[in-house]
Amino acid sequence: MLSSGKMNRIYDSVEPRVMDNDMLKLAVGEQGPQEEAGQLAKQEGILFKDVLSLQLDFQNILRIDNLWQFENLKKLQLDNNIIERIEGLENLTQLVWLDLSFNNITVIEGLDTLVNLEDLSLFNNRISKIDSLDALVKLQVLSLGNNQIDDMMNIVYLRQFKCLRTLSLSGNPITQAEDYRMFIYAHLPDLVYLDFRRISEHVKELAELKYQYSIDELKHREHLREVQLEEEQAQRAKLEEYKMAFVEHLNSSFLFDSMYAEDVEGSKLSCLPTVGELLKAYKEKFVIICLNIFEYGLKQQEKRKLELDTFNECVQEAIKENQEQGKLRIAKFEEKHLLEAINMFERNITDMVGMFIENIQSLMAQCRDLENHHHEKLLEISISTLEKILKGEPDEELPDDVRALFVDKDTIVNAVGASHDIHLLKIDNREDELVTRINSWCTHLVDKIHKDEVMRNRKRVKEINQYIDHMQSELDNLECGDVD
C-alpha cells in the first residue's frame, strides 16, 4: 500500500487528471461484462444510470466530478488518487460502498445524501475530526486508520450510529491514549470489531463498569436531546399539517404581534393613558377571531381530505371493475364511471373551496372591524392627550420620543394613521396569501386529475389495440387451420 508521503510525491510528479466523460466511459467499458452481451453493450454504449459498480482507483484524480448520471451506483472505488475534497456525490443516493482511502482529504463533508451507505473507507488521509456523517444512518463499517484524529470526543460522536459494527482507527494519535480501547468498548457497546480485532463480551463488561458513571451521564444528556428532537419534529409535523389547511400561525397571537413588529409609531402610542387596557382588550378579541379561523380551517381541511379520499376510492373501484370486465367493454364502462366521478369531484371540491374562502373573508373582515374600532379609539385618546399637552396639563409624564409626536394635530393624526395602515396591510396580506394558496391548490389538483385521466385513456387505447391485434392473430391462425 502507498503511504500518505508517497501520495504527495505522486501529486508533485504526475499531472492531476480531470474526472471527465471520457475517463468515465473508458472505466465503464473496461469493467463491463466481457462476454457477447458485454461486447454488444460496448458497441451500443452503456448508460451510466445502469452502472452498479465503478472502479476509479490509481487514476491521479484531483477532483470528484461528473458522476451525477450514476444514480443507481451501489459501489464506488476512488482510492489511491489525490482527491482533496469529498464532493460531487449528491446524486449517488443508492451508494452502499464507498472507498476514498489513500487520498489527500482533510475534512469529512459532502455525504449528506448518501443515506444508504453501509461501508465507508477514508483510510490514509489527513482527517483530524470525525463529523458530518449524520445522514449515514445505515453505516456498518467505518475505516479511518492512518489519519490525524487525536480527540477521544470523536468516539462519543459515533454513538448515534446504531448499525456501526466495525471501526478502524489504527495509525491515529488517538490510539496512543492510555484507555483508548476500553473507552471505545464502553462508549460504543454495539461494536463487534475494532482495528480488525473482535471485541470479547467480557472486555465490554469490564469497560462498561469502568465508565459506568460517565456513560450514565451521557445517556441522560442523549435522552434529553432525543426528547427535544422529537418535540421539534412533532412541531414541524404540526406546522406542515396547518400549512395544508392554509391556517399556520393562526392558533396564536402571531398575526397580531406581526402587526406591531414593524409599527414604530404604534409602539410609542401604547404608553398613552388607558391605551394599554385598550390594546389588551383589542388583542384578546383579535386572537379569538384568529383561533376561529384556525379551527374552521382544520375542519374544512378534513372535509377536503375526505372528499379526495372518496374520489380516489371511486377511481380505484372503477379501474378494478374494468379489469374484471371483458376487454371489449373496457372503454365504454370505465370512461363513463370515471368521467362521472371526476365531474362530481370537481364540482364538490370547487364548491368547498369557494365556501371556505367566503367564510374566511367574512372572519378577516371582523379583524378589520376590530382594527378600525381600535384606530378610532386610539385617535380619540391621542387628540385628547394633544389638547392637554397644549394646555400644559398632561395626565402623566411622557417619554421624549412619544412627546415628539404631539407637536400639532397633523403630526399625531399622521402617526396614528400610519400605525393603522400597517395593521390593515398585515391583515390584507394574510387574507390574500390564504386565498391565493388554496385557489392554487384547487387548480393544480383538478389539473392533475384531468392529466391522470388522459394518461389512463392512452393506456386503455393501447390495451384495446393490443387486444384487437391478439384477436386478429387468433382469427388468422383459425383461418390457416381451416385451409389446411
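This briefing walks through a sheet, a pocket, a cavity and a helix pair. The model is predicted. It has an open sheet of 8 strands, and its largest pocket holds about 780 Å³ of space. A search of the whole structure also turns up 1 cavity of 30 Å³ or more.

**The sheet**

- Reading across the open sheet, the strand order is E2-E4-E5-E6-E7-E8-E9-E10, and the pairing is mixed.
- Strand E2 (53–55) and strand E10 (197–198) sit at the edges with a single partner strand each, so one side of each has no neighbour in the sheet.
- Strands of a sheet pair through backbone hydrogen bonds, and the pairing can be parallel or antiparallel.
- Strand E4 (residues 75–77) and strand E5 (residues 97–99) run parallel, with 3 bridges joining them.
- If you want a spot to look at in that pair, Leu 76 stands opposite Leu 98 in E5.

**The largest pocket**

- You'll find about 780 Å³ of space here, with 25 residues making up the lining.
- Nearest the centre of the pocket are Arg 159, Gln 160, Lys 162, Glu 222 and Glu 226.
- Helix H4 (153–157), helix H5 (180–187) and helix H7 (212–244) are the elements that give two or more residues to this lining.
- H7 supplies the largest share of the lining, with 9 residues.
- By class, the lining of the largest pocket comes out as 12 nonpolar, 3 polar and 10 charged residues.

**The cavity**

- The largest cavity contains about 40 Å³ of space.
- Its lining is made of Tyr 260, Gly 266, Leu 269, Ser 270, Val 275, Leu 279, His 374 and Leu 378.
- The elements giving two or more residues to this cavity lining are helix H9 (264–269), helix H10 (275–324) and helix H11 (330–391).
- The lining of the largest cavity splits into 5 nonpolar and 3 polar residues, with no charged ones.

**Helices H5 and H6**

- Two packed helices are described by the angle between their axes and by the distance between the axes.
- For H5 and helix H6 (residues 201–210), the axes come within 8 Å and cross at roughly 90 degrees.
- Angles of 65 to 115 degrees count as roughly perpendicular, and H5 and H6 are therefore roughly perpendicular to each other.
- On the H5 side, the contact involves Met 182, Tyr 185 and Ala 186, which meet Val 203, Leu 206, Ala 207 and Glu 208 in H6.
- That contact of H5 with H6 has 6 nonpolar residues, no polar ones and 1 charged residue.

Methods:
Residues numbered from 1 in each chain as written. Predicted model: local features only at pLDDT ≥ 70, side-chain atom pairs only at ≥ 80, totals over all residues. Heavy atoms only, no water. Pairing = 2+ DSSP bridges. Helix = DSSP H or I, 4+ residues; strand = E, 2+ residues; numbered from the N terminus. 1 Å grid on protein atoms, 1.4 Å probe; cavity = no way out; pocket = protein on both sides within 12 Å on 5 of 7 lines; lining within 4 Å. Points joined across faces, edges and corners; volume = space filled by probe spheres on them. Nonpolar A, V, L, I, M, F, W, Y, C, P; charged D, E, K, R; others polar. Axes fitted to C-alpha atoms, helices over the stretch in contact; angles between N-to-C directions. Parallel < 35°, antiparallel > 145°, perpendicular 65-115°, else oblique. Contact = heavy atoms within 4.5 Å.
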